[in-house]
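Subject: Structure handover

Hello,

Here is the structure I said I would pass on. My notes on it follow below.

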Amino acid sequence: MDASAAQLQANLDTIRTRIDAACRAAGRDPGEVRLLPVSKTVDAARLRLAHGIGLRELGENKVQEAMGKWEAMSDLADLRWVLIGHLQTNKAKYAARFASEFQALDSLRVAEALDAQLQKQGRALDVLVQVNTSGEATKFGLAPEEVDAFVKQLPAFSSLRVRGLMTLALFSEDQARVRPCFVRLRELRDRLRQDAPEGIAMDELSMGMSGDFELAIAEGATTVRVGTAIFGGRPTPDSAYWPGFAGNPGGAGDTR
Ligand SMILES: *Cc1c(COP(=O)(O)O)cnc(C)c1O
């Protein structure tokens, strides 16, 4: 194994150990928690190494960046691409081509556009509804009180397989401010479960990133999305060695 792959493996081992410990502390089975590696800004060559050490899912927040990597790695047919960032309606056609899962559904317009494109291509998509649990104006997602009515519309889109909810917590060192975001998502999921429409599953809770995944697991996360703790820090937007990158640099997870 080359040094770069060995480093990835070591990071991954550390994260898995921490996930196991967080599960044990919460009295949960580690098998209930999926680790979704977030590979935004990481180039295809490095992602091949990640595939080489066994990763079979990658989370990306920008559809065009993800599609470029998918094309560059199309020989790796067992790789599952998960879109975790806001999607514009006019880019639904790209997402429908290659994504296996979309975690940031937050409007009926996008649901409609995706469903139409998926029908054309004879594909289906696992979907999570993004909820803005922090109330920050800069974050995407539906307000918690909008989610019930929204979810009730989703059976109309037969190519979308609704699996649950996703959120980005407040970005803070202060657990007392982060935790309520996770609690809010879990309580919402539990409520929605009780009268979810036919065909709509409300099992998944995608919450927790490099800085807060243990807390998220304590509050019931079934998927944690971890980028920097696996792949290392991301370049900043004005970084000279990543000229095309115009996203948010930090772990804040702001996905625009
Ligand atoms: C970037 C990103 C993550 C991962 O963030 P890290 O802090 O690097 O682990 C998780 N979720 C979303 C939506 C993201 O955009």
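R177 is partly exposed, because its relative accessible area of 49% lies between the limits of under 20% for buried and over 50% for exposed. Please keep in mind that this is a predicted model.

The position of R177 is within helix α7, which covers residues 175-194. Leaving aside residues up to four places away in sequence, R177 touches L170 and S172. Between R177 and S134 the C-alpha to C-alpha separation is 8.9 Å, although their positions lie 43 residues apart in sequence when counted as a separation.

The other part of these notes concerns strand β4, residues 101-105. Is this strand mostly covered or mostly open? It is mostly covered: five of the five residues of β4 are buried.

Strand β4 pairs with two strands, taken in turn here. With β3 (residues 80-83), β4 pairs in the parallel sense over two bridges. L83 has F102 of β4 as its bridge partner. With β5 (residues 125-131), the pairing of β4 is also parallel, over three bridges. Here F102 has V127 of β5 as its bridge partner. F102 is thus named in a bridge with L83 and in a bridge with V127.

The connections through helices are as follows. Strand β3, helix α4 (residues 92-98) and β4 form a right-handed β-α-β unit. Strand β4, helix α5 (residues 108-121) and β5 form a right-handed β-α-β unit as well.

Regards

How values were computed. Residues numbered from 1 in each chain as written. Predicted model: local features only at pLDDT ≥ 70, side-chain atom pairs only at ≥ 80, totals over all residues. Heavy atoms only, no water. Buried < 20%, exposed > 50% of the residue type's maximum accessible area, 1.4 Å probe, protein only. Helix = DSSP H or I, 4+ residues; strand = E, 2+ residues; numbered from the N terminus. Pairing = 2+ DSSP bridges. Right-handed = clockwise from strand over helix to strand, strands pointing away. Contact = heavy atoms within 4.5 Å.
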